[in-house]
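Colleague: Got a minute to go through this one with me? I'd like to start with the ligand and then switch topic.

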Amino acid sequence: MNRLLLVNGPNINMLGKREKEIYGEFTLNDLEQDVSDLVQEYGFKLDCFQSNHEGELIDRLHQASGKYAGIIFNPAAYTHTSIALRDAIAAIETPVIEVHISNVHNRETFRRESMLAPVCHGQIVGLGMKGYRLAALAFLDNK
Ligand code: DQA
């Protein structure tokens, strides 16, 4: 199963335009290309998905069950609110690593809580685009 899935949640399509002082200058396309290049070096393929809709993210996670070595997931604001996404992660057989570009612990207090972290394989925060690469490496080194 030489495939990884990269899933990004709401407003991540606005990277490069949105709050650049927090999220940096890179775009979603830059990010997807960067992780894709990395996984290819390991003989893996990366599928990418972004949605601003909770139900679409849940559907994509369900479809991914058992089909990928791992899922790299930035649930964005749904991190802090979505019991439905937490249940979706708990329901599937594929391990998920939660990634946040910014350090959610040095921002508003509501960002400190993740509904999803308890059912994720791991969590990486505050390392920008590198966080996605590190999540990919965690799965690639496991092969
Ligand atoms: C984010 C952090 C979330 O709190 C926020 O709602 C986002 C992006 C991050 O990658 O730092 O949209 O997930």
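Colleague: How far is a polar side-chain atom of His 100 from an oxygen atom of the ligand?

Modeller: That distance is 2.8 Å, and a polar contact here is a pair of N or O atoms within 3.5 Å. Bear in mind that this is a predicted model, where local features need pLDDT of at least 70, side-chain atom pairs count only at pLDDT 80 or more, and totals for chains, interfaces and linings use all residues. Residues are numbered from 1 along each chain as its sequence is written, and side-chain values use heavy atoms, with hydrogens and water left out.

Colleague: And what about Asn 74 and Ile 101, how far are they from a ligand oxygen?

Modeller: For Asn 74, a side-chain N or O atom is 2.8 Å from an oxygen of the ligand. With Ile 101 a polar backbone atom is involved, at 2.7 Å from a ligand oxygen. The protein covers 98% of the 320 Å² of accessible area that the ligand has on its own (Shrake-Rupley, 1.4 Å probe).

Colleague: What's the mix of residues in the shell around the ligand?

Modeller: Five nonpolar, four polar and two charged. Among the residues around the ligand (a heavy atom within 4 Å) are Arg 18, Tyr 23, His 80 and Arg 111.

Colleague: Switching to cysteines: how many disulfides does the structure hold?

Modeller: Zero, with a disulfide being a pair of cysteine sulfur atoms within 2.5 Å.

Colleague: Why is there no bond for Cys 48?

Modeller: Because its closest cysteine sulfur, in Cys 120, is 18 Å away, too far for a bond.

Colleague: Are those two buried or exposed?

Modeller: Cys 48 is partly exposed, at 35% relative accessible area, while Cys 120 is buried at 13%. Buried means under 20%, exposed over 50%, and partly exposed in between (1.4 Å probe, protein chains only).

How values were computed. A polar contact is a pair of N or O atoms within 3.5 Å; within protein, one must be able to donate a hydrogen and the other to accept it, and residues adjacent in sequence count only if both atoms are side-chain atoms. Ala, Val, Leu, Ile, Met, Phe, Trp, Tyr, Cys and Pro count as nonpolar, Asp, Glu, Lys and Arg as charged, and the others, Gly among them, as polar.
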